[in-house]
Amino acid sequence: MTRHASLAAAFAHAKSENRAALIGYLPAGFPTAADSVRIINQMVASGCDIIEVGLPYSDPLMDGPAIQEAVDIALRAGTTPETVLEVVEQVAAAGATAVVMSYWNPIERYGVDRFATRLASAGGLGVITPDLTPEEAGDWIVATDAHGIERIFLVAPSSTDARIAKVIESTSGFVYAASTMGVTGARTTLGSAAGELVARTRPATDLPICVGVGVSTGEQAATVASYADGVIVGSAFVKRVLDAATIDDACIAIDALTRELAEGVRS
Amino acid sequence: MTVTDALGHFGPYGGRFVPEALTAALDQLDAAFRAAIVDESFRAELAGLEHDYTGRPNPLTLARRFGAECGGATVYLKREDLNHTGSHKINNVLGQALLTKRMGKTRVIAETGAGQHGVATATAAALMGLECTVYMGEADTKRQALNVARMRLLGAEVVPVTIGSRTLKDAINEAMRDWVSSVEHTHYCLGTVTGPAPFPEMVRYFHSVIGREAREQILAAEDRLPDAVAACVGGGSNAMGLFSGFINDESVQLRGYEAGGQGVETGKHAARFAQGSPGVLHGARTYVMQDEWGQTIESHSISAGLDYPGVGPEHAWLHDIGRAVYEAVTDTEAMDAFAVLCRTEGIIPAIETAHGLAGAMRLGKQMGPGGLIIVNLSGRGDKDVATAARWFGMDLGAGVEVSEGR
């Protein structure tokens, strides 16, 4: 797979194949910096269209137990935002279409403009900010515009229609629709909230709408792909790595899961 | 009062840094709060509870013998320790519990450090027939075991948090995670003047009764305003409650005392103003103890209630504009002040409160006999007996469990 020059190109490619895009998440530095590069390269080789490289943060209050544990491992391994940018650079060079997912404080601390600059030169295309809303994003909007970085904000089932419109005004790249009210983590059933949220968001934007939080199987991916432009999977990938005895085992498990999900978005 | 903008900022601080899923709930809370405080029936109901249930107004006690230890300054204690449940925390909780009912929600959740806010929340939940879950760092459940038992007796579920530093910071993370999932029927009864807007402003409002009473009482007793008002500052709700009564009186110094732990130079402390820097934690921009990469640094204090790496955003603003002054008080200084108050006034303070008392001793010595100081006696120390006994190397005798203290 080759790296797309923009998120729009990645979604256009998926659309040309009449399917949703598959978006996979992994924290940088988990379980080590080198291994996270290897795992992400596997995710790309096995069928992820876009990669979300997680920036490990000490207080991930939107994440469930699996991602908390992974992030903790990454932080204990010494992962910093510099590590994250290096991981982005390496996976982008290897062909990944990559964005970063980060809580706000590490970006603010790093320097908002500096982060956008460095990410752009590393080949990253955008940033998902789960605890930043457009009201607090003044400097971020200026910096991302200046450096051509996509700003991916979230909408949630509790967002009013007016609120969705407001969030989308500041969003670029794609809209991240949180499927359920809750933290990240695999769920056996997804309920109807995600479909309803996408339906409410659709009239407000031409941007691709991607659904995350809770998707872990090919079957769920197929369901979500029937109404969304992208399917985001995080905790399920993380769990495969947590459960593997060795990095080789992890890559085998990641390959199998990615293929299952890639088949799901194509069904 | 410091005025916030429409988005809940105090200067550059405060605001809302939360998952979008919580925006609707915060908007709902903001609307309910603003409607309630101009609704006579709400104000009357809250005032009635404060009077008949909490036991307000509580006294402003002249501490003659303690004042002698404060350079001879005249020192008054605002007796929040005499409130039902033993601390100032009940003021905020009664207000939020009433709002919970107004919003039609049936469950409250809370974080707690020392356990005082958890006890207060469990109390209000029992009083108003609400379901209650309290998140508490596992380390704190051990050093504040008495309060864990109190919460359970009151019918609350206490969830020990076993992630991260296992203290207040992690309890807030877990409470936020619960709230994202349960927000439809659950109110997060946040216990201090931080978190996303409108919490800092709302919690201050419910505690402003402290400053209002203290101002009236000191004018009645001394016929003049104090030279300084002093309080310990963890998140900073008891301090904000007291400060709010005097913030427009320019002659009154506002003094906050944060936990210096084993000494600011050791790194083992919770002195956000001494060594923190502006950042975002738990939904607000404020001073945060963080490393060069923006990762939160774990705080340390003998006091569970002050053991927190962030601080209320209004305190950050008052600090920057110089309206309030914040200093660190070490564990040792606080425990010395704890002992002095016990033996001079016959009052066992909470260890959190002892930081404010140590500050008053420092301040009184600077002011001398002409000085007039109000210290917020924010809580009583029953919960800290085991920790204090261990600190002072006391033998409590058979049958008293000292090992649960740190």
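Here are some exercises with worked solutions on a predicted model with chains A and B.

**Exercise 1. Describe the contact between chain A and chain B by its residues and its buried area.**

Solution. Start with the residues: chain A brings 35 of them to the contact, and chain B brings 33. Next, take the area. The two chains bury about 2,800 Å² between them, and 51% of that lies on carbon and sulfur atoms. Within chain A, the residues that lose the most area to chain B are Leu61(A), Arg109(A) and Glu136(A), which together make up 25% of what that side buries.

**Exercise 2. Work out which elements and residue classes form the side of chain A that touches chain B.**

Solution. Begin with the polar contacts: 20 residue pairs are found across the interface of chain A and chain B. Then look at secondary structure. On the side of chain A, at least two residues each come from α3 (65-76), α4 (81-93), α5 (104-110), β6 (154-155) and α8 (161-169). Of the elements, α5(A) gives the most, with 6 residues. Finally, sort this side by class: 18 residues are nonpolar, 8 are polar and 9 are charged.

**Exercise 3. Find salt bridges that cross between the chains, and decide whether their partners are buried or partly exposed.**

Solution. First, the count: the interface of chain A and chain B has 3 salt bridges, while the structure over all chains holds 40.

Take Lys169(B) and Asp59(A), whose closest N and O atoms are 2.9 Å apart. Here Lys169(B) sits in helix α8 (residues 168-182) of chain B, and Asp59(A) in the loop between β2 (50-55) and α3 of chain A. The cut-off for buried is under 20% relative accessible area. Lys169(B) has 5% relative accessibility, so this residue counts as buried. Asp59(A) has 2%, so this partner counts as buried too.

Now turn to Arg285(B) and Glu108(A), with 2.5 Å between the closest N and O atoms. This pair runs from strand β12 (residues 284-288) of chain B to helix α5 of chain A. Arg285(B) is buried at 16%, whereas Glu108(A) is partly exposed at 21%.

**Exercise 4. Locate the salt bridge of Arg114(A) within its chain.**

Solution. The partner is Glu82(A), with an N to O distance of 3.4 Å. The bridge links distant parts of the chain: Arg114(A) belongs to helix α6 (residues 112-122) and Glu82(A) to helix α4, 32 residues apart. As for exposure, Arg114(A) is partly exposed at 42%, and Glu82(A) counts as buried at 19%. For salt bridges joined in a network, look at Glu17(A), Arg19(A), Asp49(A) and Arg266(A).

**Exercise 5. Which residues have the most contacts inside the largest nonpolar core, and what does Trp140(A) touch?**

Solution. The largest nonpolar core has 156 residues, and Phe115(A), Trp140(A) and Phe174(A) have the most contacts inside it. Now follow Trp140(A) outward, leaving aside residues up to four places away in sequence: among those touched are Trp104(A), Ile107(A), Phe115(A), Leu132(A), Arg151(A) and Phe153(A). As background, nonpolar side chains in soluble globular proteins tend to be buried together.

**Exercise 6. Explain why helix α10 of chain B is described as largely enclosed, then examine Thr141(B).**

Solution. Count along helix α10 (residues 237-244) of chain B: 8 of the 8 residues are buried, so the helix is largely enclosed by the rest of the structure. Among them are Asn238(B), Met240(B) and Phe243(B).

Thr141(B) lies in helix α6 (residues 138-143) of chain B. With 14% relative accessibility, Thr141(B) counts as buried. Beyond four places in sequence, Thr141(B) touches Met136(B), Val148(B) and Pro160(B).

Conventions: Residues numbered from 1 in each chain as written. Chains lettered and ligands numbered in written order. Predicted model: local features only at pLDDT ≥ 70, side-chain atom pairs only at ≥ 80, totals over all residues. Heavy atoms only, no water. Contact = heavy atoms within 4.5 Å. Buried area = accessible area lost by both parts, 1.4 Å probe. Salt bridge = Lys/Arg side-chain N within 4 Å of Asp/Glu carboxyl O. Polar contact = N/O pair within 3.5 Å; in protein donor to acceptor, adjacent residues only side chain to side chain. Helix = DSSP H or I, 4+ residues; strand = E, 2+ residues; numbered from the N terminus. Nonpolar A, V, L, I, M, F, W, Y, C, P; charged D, E, K, R; others polar. Core = buried A, V, L, I, M, F, W, Y, C linked by side-chain atoms within 4.5 Å. Buried < 20%, exposed > 50% of the residue type's maximum accessible area, 1.4 Å probe, protein only.
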